[in-house]
Amino acid sequence: MAPDHPLFDTLTGIVGAAGVVTAADDIAPYAIDWRRLFPGTPACVVRPKSTAEVAAVVRACRAAGVALVPQGGNTGMAGGAVPDASGRQVLLSLNRMNAIREVDPVGLTLEAEAGVILSVAKEAAAASDRLLPISLAAEGSALIGGVVSTNAGGINVLRYGMTRALVLGLEVVLADGRIVNGLRRLRKDNAGYDWKQLFIGSEGTLGIVTAAVLRLVPKPRHSVTALIAVEKPEAALRLLDKAQTEIGDTLQAFELISGASIALVGQHAGLKCPIAPASWFLLIEAGSTLPGLRDAAEALLASAFEDGMAVDGVIAETGAQAASLWALREHITESEAREGKSVKHDISVPLTSIPAFLAETEAMLAEVAPGIRLNVFGHLGDGNLHYNVMIQSGHDAGSINRAVHDMVTRYGGSISAEHGIGQYRVEELQRTRSPEELALARQLKQALDPAGLLNPGKVLPHG
Ligand code: FAD
Ligand code: MLT
Ligand code: ZN
């Protein structure tokens, strides 16, 4: 867009000069995704401070026929928050809308604007002795609006559900600039369509999330964290089954980590695993407001060793030890990025199919792409694996990606369990969903954004 385009003046009139970023150096951090796979060229970055300003920006862009790309903390894994290379899309950053409006420890709610950092919202809940149970390695940068718009998962879905299960109310700005305020704090609300569900997980393609009411839960006072080595994924599932039976209502994380992931973290983050190398590890956490959990967890693990499900393990004795076990898990993504090129898959399959899926996919890849290395880890308790394939020159990322997704489809799974479609998976979504599902998605997009100006080309292809 030419520097003298009248839209720049209009936007400056709405958000003030400090709210419109045009200098190339200042734009740079907004213009490329976390994985540095999708560089874009925003016409400018607009940073409104209120919902009314967001609405005015949306109306101004609509009047000028200019597309808007919403951005939160820019930690998304699918390239959804960056514009294309045309230089004609305005990047709408919510990062100045950062007020926590209310924490209600009795009603168990927290109301926050879209630009609040997830970890800041969690600290505010903790200050009232409550827990906001959305936990991801990116929580120090991801913003509430981005978390809602991606329906983020993370390590505590097993107990508390995806973000969707924790959103009680939402305020959104529609594509025509109208503000819809649904910031209710109700557990029960069957009055008409639950329209907020359309905006949760739709990655900024149907509306702009400006604030949310999130559900809090009681903060567990007692917790147990253990790192356990198992020989095979089958043993991991047997242990999950046993844990569900014996301490199921306290189980809040059941993460699978391959030996290869632990080796990457050792190499690139310098973190040492406290137990001997193994093919697979489980990082298990349970929490409760009542005492007695540790005894129950120790009894569970003791019998898992007796039954041969577990071969080695350690239970954290202190909070610091628990944090150092979690550090191993939290550094996998960063270590993988340092190692080199990878083809990421964020897949889910029915839980009991995981051992067969892993065996069959590894054998298939050895045939179609000899020389690849795998970095497999993820949220086993949710049936969600990050099945990442480390490649070298000569490997074709596209065909590896399609082959893994074909296998996922054959197992009745999803090609995106938690990260979303963004621009990274647009073609794969078209290839793997039914014509009826795709037509329904188009109908929703047409109804809510008929001019196609909200995050075009994300989730659905252009046009
Ligand atoms: P962004 O990346 O800024 O945006 C994501 C999408 O939402 C884009 O399409 C954008 O246009 C849209 N959007 C952003 N804000 C708004 C808004 N206010 N209104 C409308 N649309 C908006 N994800 C998981 O699910 N589970 C994990 O365990 C996990 N771990 C991660 C670990 C690391 C190290 C990293 C880097 C990422 C991880 N992620 C994980 C991915 C990412 O953190 C989440 O998707 C997060 O919810 C994105 O939030 P964000 O504010 O950074 O959003
Ligand atoms: C995780 O579970 O750590 C993430 O979703 C990030 C990733 O897939 O790399
Ligand atoms: Zn994940």
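**Close-up views of two ligand sites and a helix pair**

**View 1. Polar contacts between the protein and ligand 1.** In this predicted model, a nitrogen atom of ligand 1 has a backbone N or O atom of Gly204 at 3.4 Å. Oxygen atoms of ligand 1 are also engaged: one lies 2.7 Å from a backbone N or O atom of Gly76, and the side chain of Thr150 places an N or O atom 2.8 Å from an oxygen atom of the ligand. On its own ligand 1 exposes 970 Å², of which the protein buries 96%.

**View 2. The shell of residues around ligand 1.** Ligand 1 is surrounded by 35 residues, of which Pro70, Gly72, Gly73, Thr75 and Gly76 are the closest. By residue class, this shell is made up of 18 polar, 15 nonpolar and two charged residues. Two or more residues of the shell come from each of strand S3 (68–71), helix H5 (144–150) and strand S10 (208–215), and the element that gives the most is H5, with five residues.

**View 3. The residues around ligand 2.** The surroundings of ligand 2 consist of Arg329, Thr333, Lys344, Phe377, His379, His386, Glu418 and His419. When these residues of the shell are sorted by class, four are polar, three are charged and one is nonpolar.

**View 4. Polar side-chain contacts to oxygen atoms of ligand 2.** Three of the surrounding residues are shown here with their contacts to the ligand, namely Arg329, Thr333 and Lys344. A polar side-chain atom of Arg329 is found 2.6 Å from an oxygen atom of ligand 2, while the side chain of Thr333 has an N or O atom 2.7 Å from an oxygen atom of the ligand. For Lys344, the distance from a polar side-chain atom to an oxygen atom of ligand 2 is 3.0 Å. Of the 270 Å² of accessible area that ligand 2 has on its own, 87% is covered by the protein.

**View 5. The crossing of helices H8 and H10.** Helix H8, which spans residues 233–247, and helix H10, which spans residues 293–306, have axes that come within 10 Å of each other and cross at roughly 150°. Because angles over 145 degrees count as roughly antiparallel, H8 is described as roughly antiparallel to H10. The handedness of the crossing between H8 and H10 is right-handed.

Note on methods
Residues numbered from 1 in each chain as written. Chains lettered and ligands numbered in written order. Predicted model: local features only at pLDDT ≥ 70, side-chain atom pairs only at ≥ 80, totals over all residues. Heavy atoms only, no water. Near = heavy atom within 4 Å. Polar contact = N/O pair within 3.5 Å; in protein donor to acceptor, adjacent residues only side chain to side chain. Areas by Shrake-Rupley, 256 points an atom, 1.4 Å probe, with all protein chains shown as cover. Nonpolar A, V, L, I, M, F, W, Y, C, P; charged D, E, K, R; others polar. Axes fitted to C-alpha atoms, helices over the stretch in contact; angles between N-to-C directions. Helix = DSSP H or I, 4+ residues; strand = E, 2+ residues; numbered from the N terminus. Parallel < 35°, antiparallel > 145°, perpendicular 65-115°, else oblique. Left-handed = near helix turned anticlockwise from the far one by under 90°.
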